Amino acid sequence: MRAAWYDEQGPASEVLRVGERPDPAPGEGEVRVRIAFSGVNPGDTKKRDGWLGSAMPYPVVIPHSDGAGVVDRVGAGVDEGLVGRRVAVHGAQSYRQFGTAAEYTVVPTDLITPLPDTVSDEIGALLGIPGITAHRAVFGDGPVTGKVVLVHGIRGGVSGIAAQLAQWGGATVIGTVRRSSDLDAAGLPDVDHVIALDDDPAAAVRRIAPDGVDRIVEVALDANGDLDASVIANDGVIATYFARGDRVSLPFPPLLFANVTVRFLGSDDFPPTAKRAAMDDLVTALDAGALRLSVGQVLPLDQIAQAHDDVDAGRTGRVLVRVAPSWPARDGASIPSA
């Protein structure tokens, strides 16, 4: 099969290789998916670059945890009816060696999610890491029906999904953007309220939620700590998946007296049941039209190094690698065999 891989960590252009690798075969409880699109996430590029001193977990790594395609083979104990099903793949390279940057990937059945006709392969490949993180940020502490949820940085991949999921879940959503000029930017999620951080955001939040916000989805905990402390309601939760520095300084007294919980989110280590519930909800929300996602850029597998560089630069929106054609579901044309 054609695949991309690296056998040492470093800059994308220096360590990523594209060529032929052996076709994988599914084992017991596994399926093989012919990948159409492979999602590129910051977590993938960090693993390749050795972020925070992380070492090579395996001698060779095929990168990327997320993708979408068609099940073309199943292992022992797996329903043959899955063959021909279009699916989203998540976690393919989470504590595993071979991800979705290849014509085929083999994963346990709990790492695939069937896609309805309303959800394209491109969108299915965007779901895993950002979608699961967003879902956990919103629902990790229970339902949000009737609550007020503040979502920072709604132009971003995770926060944009989180804002839509919170609104789908019955919350009043307040989204933030960095600058007032961003309020008119194209592609902002359609949520209840959007405010700018450069225009007295605490006052703006309090006008909408005089009693404070119940949940905060945080993309920059070290930068927004003071604002969050000034608007969080008693017994509120701050769910954070990123901070700009290695250490975070927070205003202790207001968070203490408000009995605030700070939930840190590392998607690789979420409970499997939480990942499963997230993927099911994401596909349901997409199918219902409550969640809308867009692709920033699609590059061929031969240009995977450029795709990694673009993700690291943060300048092109969500990035996909096109691995193979989008094969139809089982009621369409036949799927090529290996």
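Is His 152 buried or exposed? His 152 is buried, with a relative accessible area of 1%, where buried means under 20%, exposed over 50% and partly exposed in between (1.4 Å probe, protein chains only). The legends below begin with the whole chain and then move to single places.

This is a predicted model, in which local features need pLDDT of at least 70 and side-chain atom pairs count only at pLDDT 80 or more, while totals for chains, interfaces and linings use all residues. Residues are numbered from 1 along each chain as its sequence is written, and side-chain values use heavy atoms, with hydrogens and water left out.

**Overview. The chain holds 10 helices and 15 strands.** Helices (H or I, at least four residues) and strands (E, at least two) are DSSP runs, numbered from the N terminus. Along its principal axes, the C-alpha trace spans about 60 × 40 × 35 Å. The radius of gyration of the chain is 20 Å, which agrees with the value near 20 Å for a compact globule of 338 residues; this radius is taken over C-alpha atoms, and the globule rule is 2.2 Å times the number of residues to the power 0.38. Of the 338 residues, 51% are buried. Among contacts (heavy atoms within 4.5 Å) between residues at least 6 apart in sequence, 69% join residues at least 24 apart.

**Overview, surface and charge. About 14700 Å² of the chain is exposed, and carbon and sulfur atoms supply 49% of it.** These accessible areas come from the Shrake-Rupley method with a 1.4 Å probe; for residues, only the protein chains shown count as cover. There are 30 positive and 44 negative side chains, and the centres of the two sets lie 1 Å apart. Lys and Arg count as positive and Asp and Glu as negative, with His and the chain ends not counted; the place of a charge is NZ of Lys, CZ of Arg, CG of Asp or CD of Glu.

**Close-up 1. His 152 sits in the loop between β8 (148-151) and α5 (157-168).** Find this buried residue and then look for Ala 220, which is 68 residues apart from His 152 along the chain, with 8.0 Å between their C-alpha atoms. Leaving aside neighbours within four places in sequence, the contacts of His 152 include Ser 159, Thr 176, Leu 197, Glu 218, Asn 224 and Asp 228.

**Close-up 2. Helix α4 covers residues 128-139.** From its first C-alpha to its last, this helix of 12 residues reaches 16 Å, close to the 16 Å expected at 1.5 Å a residue; the expected span is 1.5 Å times one less than the number of residues. Because 11 of its 12 residues are buried, α4 is largely enclosed by the rest of the structure. Among the buried ones are Gly 128, Pro 130, His 135, Arg 136 and Val 138.

**Close-up 3. His 308 in helix α10 (residues 304-313) is in contact with His 64.** His 308 is buried, with a relative accessible area of 0%. Its other contacts, leaving aside neighbours within four places in sequence, include Ala 12, Leu 16, Asp 44 and Arg 48. The buried residues of α10 also include Ile 304, Ala 307 and Val 311. Just after α10 comes Gly 314, with a positive phi of about 65°. His 64 belongs to the loop between α2 (42-49) and β4 (66-74) and is buried, with a relative accessible area of 0%. Phi of His 64 is near 85°, a positive value in a residue other than glycine.

**Close-up 4. Asn 259 is in contact with Asp 235.** Asn 259 lies in the loop between α8 (252-257) and β13 (261-264) and is partly exposed, with a relative accessible area of 46%. Leaving aside neighbours within four places in sequence, Asn 259 also touches Asn 234 and Gly 236. Asp 235 lies in strand β12 (residues 232-240) and is exposed, with a relative accessible area of 56%. Phi of Asp 235 is near 70°, a positive value in a residue other than glycine.

**Close-up 5. Ile 112 belongs to strand β7 (residues 112-114).** Ile 112 is buried, with a relative accessible area of 6%. Its C-alpha is separated by 6.5 Å from that of His 90, 22 residues apart along the chain. Leaving aside neighbours within four places in sequence, Ile 112 has contacts that include Val 31, Val 71, Leu 82, Val 107 and Arg 276.
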